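Work through the following exercises with the model open in a viewer. Each task is followed by a solution in steps.

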Amino acid sequence: MASNGSGKNLIVCFGEMLIDFVPDVAGVSLAESTGFLKAPGGAPANVAVAVTKLGGHSAFVGKFGDDEFGHMLADILRKNNVNDEGVLFDQHARTALAFVTLKANGEREFMFYRNPSADMLLTEAELNLDLICRAKIFHYGSISLISEPCRSAHMAAMKAAKQAGILCSYDPNVRLPLWPSEDAAREGILSIWKEADFIKVSDDEVAFLTQGDPQDEENVLSLWYDGLKLLVVTDGEKGCRYFTKDFKGKVAGFSVKTVDTTGAGDAFVGALLVSIEKDNTIFENEEKLREALLFSNACGALCTTQKGAIPALPTTEVANELIASAN
């Protein structure tokens, strides 16, 4: 049992962890793939590991099947020093699987096996609210909103975090194949939009949520609301744009040899949460925020240079080396 994060510097990540089966050769369809590599995945879990790899303290709250894959994933969390007090096992459901196609440019397509998987069956009664309320930051996505009972558990966890004055961090991580329809996805993702203090979205997600141009600032700002501390839009290798109530701008990305984009957004978010946890005045201090975003961009870029998410998550040292080499 990893025991880190007992103080108020804990980042608790809520949601799904699954196994991605990634073709051993990029650029072929699932049907054409002859072999697959097992890669642990699931955005909230990736963020939890990104945090510990950068020297922060994190915990994961979610449910696995009581099967070999589920125990393997729990073991990966422990090996990466992620607190597992919020981890549960379901005797009757399997751990979720996803088959991921890597196109020649490193972008991905997903085919999911979740009918229903254990992560969807987490109930409100099973939540470790004590762990959640020990957090400084509570981070979540939108996949946990898709079906009951997990949706109610998500809502209850978020409510407890908000009542305890914990910073709420939201990365919707749009995965359309998991939702009943595009409209259901848009509606579900936006249904909790105004609960968050910090939101990170990709340019593609801006296009999907607003049904407009993600490069049009007025369109992006339709996602802003009073009370939000920071909105970040990631633009792939181009870097990111940031918006607070007082300032806005963009921070350039890093040019690297991209092999697999899986987990890049999670590496970015994990890095930013570590910076926020250390010093939450970055919401008011543009210079500090830009420095934190540069570091996040470096972490996101480095994550694309290897296959899989968790094995590719960088350390602080490697990220700082990339930043130094680019200057």
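For the pocket exercises, residues are sorted into classes: Ala, Val, Leu, Ile, Met, Phe, Trp, Tyr, Cys and Pro count as nonpolar, Asp, Glu, Lys and Arg as charged, and the others, Gly among them, as polar. The model is predicted.

**Exercise 1. Compare the expected span of helix H9 with the distance between its end C-alpha atoms.**

Step 1. Helix H9 covers residues 286-303, which is 18 residues.
Step 2. The expected span is 1.5 Å times one less than the number of residues, so H9 should span 26 Å.
Step 3. The end C-alpha atoms of H9 are 25 Å apart, which agrees.
Step 4. At the N-terminal end, Asn285 acts as a cap, with a side-chain oxygen 3.1 Å from the backbone nitrogen of Glu287.

**Exercise 2. Which residues of H9 are buried, and what covers them?**

Step 1. Buried means under 20% relative accessible area.
Step 2. The buried residues of H9 are Leu289, Ala292, Leu293, Phe295, Ser296, Asn297, Ala298, Cys299, Gly300, Ala301, Leu302 and Cys303.
Step 3. Their cover includes strands E11 (230-234), E12 (239-243) and E13 (248-252), and also helices H8 (264-278) and H10 (316-326).

**Exercise 3. Describe the largest pocket by volume, lining and residue class.**

Step 1. Its volume is about 1300 Å³.
Step 2. The lining has 50 residues, and Glu107, Arg108, Ser202, Thr261 and Gly265 are the closest to the pocket centre.
Step 3. Elements giving two or more residues to this lining are strands E2 (18-23), E7 (108-113) and E10 (198-202), together with helices H1 (43-53), H6 (203-210), H8 and H9.
Step 4. By class, the lining of the largest pocket holds 15 nonpolar, 18 polar and 17 charged residues.

**Exercise 4. Do the same for the second largest pocket.**

Step 1. The second largest pocket has a volume of about 310 Å³.
Step 2. Of its 15 lining residues, Ser275, Lys278, Glu291, Ala292 and Phe295 are the closest to the centre.
Step 3. H8, H9 and H10 each give two or more residues to this lining, and H9 supplies the largest share, 5 residues.
Step 4. Sorted by class, the lining of the second largest pocket has 8 nonpolar, 3 polar and 4 charged residues.

**Exercise 5. Is Asp90 buried or exposed?**

Step 1. Asp90 is found in strand E5 (residues 83-90).
Step 2. Its relative accessibility is 10%, so Asp90 counts as buried.
Step 3. A polar atom of the Asp90 side chain lies 2.7 Å from the backbone nitrogen of His92.
Step 4. Leaving aside neighbours within four places in sequence, Asp90 is in contact with Lys63, Phe64, Gly65, Asp66, Ala118 and Leu121.

Note on methods
Residues are numbered from 1 along each chain as its sequence is written. This is a predicted model: local features need pLDDT of at least 70, side-chain atom pairs count only at pLDDT 80 or more; totals for chains, interfaces and linings use all residues. Side-chain values use heavy atoms; hydrogens and water are left out. Helices (H or I, at least four residues) and strands (E, at least two) are DSSP runs, numbered from the N terminus. Buried means under 20% relative accessible area, exposed over 50%, partly exposed in between (1.4 Å probe, protein chains only). Contact means heavy atoms within 4.5 Å. A polar contact is a pair of N or O atoms within 3.5 Å; within protein, one must be able to donate a hydrogen and the other to accept it, and residues adjacent in sequence count only if both atoms are side-chain atoms. On a 1 Å grid over the protein atoms alone, a cavity is a set of points where a 1.4 Å probe fits but cannot get out, and a pocket is an open set with protein on both sides within 12 Å along at least five of seven lines; lining residues have an atom within 4 Å of a point. Grid points are joined across faces, edges and corners, and a volume is the space filled by probe spheres set on the points.
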